[in-house]
Amino acid sequence: STLAVCEDGSSDAVVGAAGWKLPNGTWKYKINPSSVPSSVGGGNLAAMVTNSFSKWMGAINSSSSPALVSDGTTIKTNKALDYQNIITWGRTQGSALGVTYVWYYTATHIVADVDTIMNKKFSWNLACSTTSYNAEDILIHELGHWFGLDDEYDSAYVNNTMFGSGSKGEIKKITLENGDKAGIDNIY
C-alpha cells in the first residue's frame, strides 16, 4: 500500500507573474456550493474560499491591492466572460484538477473576469488520503491565478503553492511558501 505524503516542505523560489492582476478596490465573486462533491461538502466551500483568499491577501504588502468580497452563490458550472467571477466544480479539459480562466484587458493587464472550475471527474476530500485530492490544496493554488501568479514546473518550486501539478494526499499547497508570498507581493 502507498502512504500519503502529508508534510509541507518550504521554498524560497519566487513564483513568476502570469501577466495580469486584479484591480484595486472591491472584487466580487460567487461560489457554487451545490456543485461541490459530497465528500467535500458544499457547506465547506465558503470557508475554504475565504481562508484561501485571506492567505493570499496577507502576503501583499501594499495598500493598492484588491479586496475580495463574496457576492453570494451561483448555479453556474461553466466558464464564461460574463463579468461574474465564479468558483465551482464542473468539467475541465483534459486531466487538469482545476482550471482558472482569466480574461483581462491587454492594454492595462487588469482582470475583467475570472472563473475557477474544479474538475468534478476526480475524487475529492478535505483530508490527507491516497485515494483523493485535497480540495483546499488545489483550490488555493487555483485562486493564486486570480491574483496573477503563474504555474511553476521547475523542481525548485516543488513545495510552492503555485507548483503546477498536484497529487492525491497532497496538502503542501495549503500553506503559502516564502516564494509564493514574494511572487504575489511583486505583482502588487
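Me: How many residues of strand S5 are buried?
Reply: This is a predicted model. Strand S5 covers residues 111–119. Buried means under 20% relative accessible area. S5 is largely enclosed by the rest of the structure, because its buried residues number 9 of the 9.

Me: What is the order of the strands in the open sheet?
Reply: The sheet is open and has 5 strands. Its pairing is mixed. Read across, the order is S2-S1-S3-S5-S4.

Me: Which strands stand at the edges of the sheet?
Reply: Look for strands with a single partner strand. Each of them has one side without a neighbour in the sheet. The edge strands are therefore S2 (66–73) and S4.

Me: Do S3 and S5 run parallel or antiparallel, and which residue in S5 is the bridge partner of Ile 87?
Reply: Strands of a sheet pair through backbone hydrogen bonds, either parallel or antiparallel. S3 (residues 86–90) is joined to S5 by 5 bridges, and the two run parallel. One bridge involves Ile 87, and its partner in S5 is Thr 116.

Me: Which residue in the turn between S4 and S5 has a positive phi?
Reply: S4 (residues 98–104) and S5 run antiparallel, joined by 7 bridges. Val 102 has Val 114 in S5 as its bridge partner. The two strands form a hairpin with 6 residues between them. In that turn, a positive phi of about 65° belongs to His 109.

Me: Are helices H1 and H2 parallel, antiparallel, perpendicular or oblique to each other?
Reply: H1 (residues 45–57) and H2 (residues 135–146) pack with their axes 9 Å apart. The angle is about 50°. Angles under 35 degrees count as roughly parallel, and 65 to 115 as roughly perpendicular. About 50° fits neither range, so the helices are oblique.

Me: How many nonpolar residues are in the contact of H1 with H2?
Reply: H1 passes H2 in a right-handed crossing. Leu 45, Met 48 and Phe 53 are among the H1 residues that meet H2, whose side includes Leu 139, Ile 140 and Leu 143. The contact also holds 3 polar and 2 charged residues. The nonpolar count is 10.

Me: Which strands does H2 touch as it packs on the sheet?
Reply: The twist of the sheet averages 25° from one strand to the next. H1 packs on the sheet and touches S1 (25–31), S2 and S3. H2 packs on the sheet too, with its direction at about 160° to that of S5. The strands that H2 touches are S1, S2, S3, S4 and S5.

Technical notes
Residues numbered from 1 in each chain as written. Predicted model: local features only at pLDDT ≥ 70, side-chain atom pairs only at ≥ 80, totals over all residues. Heavy atoms only, no water. Buried < 20%, exposed > 50% of the residue type's maximum accessible area, 1.4 Å probe, protein only. Helix = DSSP H or I, 4+ residues; strand = E, 2+ residues; numbered from the N terminus. Pairing = 2+ DSSP bridges. Axes fitted to C-alpha atoms, helices over the stretch in contact; angles between N-to-C directions. Parallel < 35°, antiparallel > 145°, perpendicular 65-115°, else oblique. Left-handed = near helix turned anticlockwise from the far one by under 90°. Contact = heavy atoms within 4.5 Å. Nonpolar A, V, L, I, M, F, W, Y, C, P; charged D, E, K, R; others polar.
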